[in-house]
Structure formats: structure tokens, C-alpha cells
Amino acid sequence: MKRIRVLNGPNLNLLGTREPDIYGHQTLTDIKKRLEEEAHAYNIELDFYQSNHEGDIIDRIHEAYRAGYDGIIINPGAFTHYSYAIRDAISSVNIPTIEVHLSNIHSREEFRSKSVIAPACIGQICGLGADGYSAALFVLHRRFKER
Ligand code: DQA
């Protein structure tokens, strides 16, 4: 069975109450539940995690490598825009990784349009709300089947 680790960065624990006009009304638990159902249908095991701390996220990326995870889906939150450390962690482990954002980071403040993490990923999905996580899961599933 293939395994995917889903990593969520700072403030995503507040989804549902945090700026709902931008991020929607779904909580992170809602997103997790739906994604787990979808993963189950693909016969993929999910490990869903959120942290407000950069080092925790880096540790989880390293641990995913040691544990032999097959893919990573990451919404790095604001770390997207400046964490070279998370980018280096992703580059270090050689696990196919997709970056996801709920909002369209290209239609907001200028600082959000730049991701320092995306170059280490196979791609970036943004602006599709929680469906972005589902899209990332679908793409990884498809790649697993092709290999
Ligand atoms: C976000 C976009 C980031 O700019 C922001 O800092 C977040 C959430 C998104 O999912 O749209 O925390 O990653």
C-alpha cells in the first residue's frame, strides 16, 4: 500500500474561523476526513499533520524519508514565502511532493505570489480551496499507478 504524508503549516489549524472569505468555512478536520475517504478509495494510506513550527515540519519530512513514504502533499502556509529550510528538506529527501494552497496566492498581496518551496516540488496547486488537496492526491495516485 502506498503512503502519503500531508503536511499543513502555521495557522491552518484555525481554518473555519480564520478569514473565511479567503479560506472558506471548512475546518482542517473536515478537509482531513474527506481526503482520508478519497485516499481509502485509491487504496492509499494517509498521514495528516499540522504544525505551527517550522522545525516540526522539517522533522516530519525527514521522518517521511526514513519511513519510506511514497509522496508528500504540503500546504506550508506563510512558510511558503520564506522557508528555505523547508525547501531544502524537500530537496533532501527525494519524495515526490506537491505544494497546495487553498487561496489563489497569485491574486493576493504581492509577497504571497512567490513560493520558495515550489521549485523543490513536482508542482503547485492553488486557488481551488480544499479541492486542491484532492487534486494533489489524485495526481500522486496516478503517478503511483504508472510506475
Ligand atoms: C495559504 C496561503 C499563504 O499565503 C498563507 O500564509 C496561508 C495559507 C493557503 O492555503 O492559501 O497560511 O498557504
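Reader: What makes the charged end of Arg 5 sit over the ring of Tyr 69?
Author: The charged end of Arg 5 is 4.5 Å from the centre of that ring. The rule asks for NZ of Lys or CZ of Arg within 6 Å of the ring centre and within 35 degrees of the ring normal. Arg 5 counts as sitting over Tyr 69. Arg 3 also has its charged end over the ring of Tyr 69, at 4.4 Å from the centre.

Reader: How do you know which atoms and residues enter such values?
Author: This is a predicted model, so local features need pLDDT of at least 70 and side-chain atom pairs pLDDT 80 or more, while totals for chains, interfaces and linings use all residues. Residues are numbered from 1 along each chain as its sequence is written, and side-chain values use heavy atoms, leaving out hydrogens and water.

Reader: Why is the pair of Phe 79 and Tyr 82 called edge-to-face?
Author: Their ring centres are 5.9 Å apart and their planes stand at 70 degrees. Rings of Phe, Tyr and Trp (its six-membered ring) pair if their centres lie within 6.5 Å; planes under 30 degrees apart are stacked, over 60 edge-to-face, the rest tilted. The distance makes Phe 79 and Tyr 82 a pair, and the angle makes the pair edge-to-face. The whole structure holds 1 aromatic pair.

Reader: Why is Phe 79 called buried, and what is Tyr 82 called?
Author: Phe 79 has 7% relative accessibility. Buried means under 20% relative accessible area, exposed over 50%, partly exposed in between (1.4 Å probe, protein chains only). So Phe 79 is buried. Tyr 82 stands at 48%, so Tyr 82 is partly exposed.

Reader: What makes the side chain of His 81 a partner of Arg 112?
Author: The side chain of His 81 reaches the backbone oxygen of Arg 112 at 3.5 Å. A polar contact is a pair of N or O atoms within 3.5 Å; within protein, one must be able to donate a hydrogen and the other to accept it, and residues adjacent in sequence count only if both atoms are side-chain atoms. His 81 lies in the loop between β3 (71-75) and α4 (84-93). Arg 112 lies in the loop between β4 and β5. Helices (H or I, at least four residues) and strands (E, at least two) are DSSP runs, numbered from the N terminus. His 81 is buried at 14%, and Arg 112 is buried at 14%.

Reader: Which residues does His 81 touch, leaving out those up to four places away in sequence?
Author: His 81 touches Phe 111, Arg 112, Lys 114 and Val 116. Contact means heavy atoms within 4.5 Å. With the same kind of neighbours left out, Arg 112 is in contact with Tyr 23, His 81 and Ile 105.

Reader: What makes a group of residues a nonpolar core?
Author: The members are buried Ala, Val, Leu, Ile, Met, Phe, Trp, Tyr and Cys residues, joined through side-chain atoms within 4.5 Å. The largest such core here has 23 residues. Ile 4, Val 6, Ile 31, Ile 73, Leu 102, Tyr 133 and Leu 137 touch the most other members. Two or more residues come from each of β1 (2-8), α2 (28-41), β2 (44-50), β4 (97-101) and α5 (131-146). The largest share, 5 residues, comes from α5. Another core, of 18 residues, lies apart from this one and includes Tyr 49 and Val 93.

Reader: How do you know that Cys 121 is in no disulfide?
Author: A disulfide is a covalent bond between the sulfur atoms of two cysteines. Here the rule is a pair of cysteine sulfur atoms within 2.5 Å. The nearest cysteine sulfur to Cys 121, that of Cys 126, is 13 Å away. That is too far for a bond. The count is 0 disulfides. Cys 121 is buried, at 11%.

Reader: Why is Ala 130 called buried?
Author: Its relative accessible area is 12%, so Ala 130 falls in the buried class. Ala 130 sits in the loop between β5 (123-126) and α5. Leaving out residues up to four places away in sequence, Ala 130 touches Gln 26, Ile 31, Arg 34 and Leu 102.

Reader: What is special to note about phi of Asn 11?
Author: Phi of Asn 11 is near 75 degrees, a positive value in a residue other than glycine. Asn 11 lies in the loop between β1 and α1. At 36%, Asn 11 is partly exposed.
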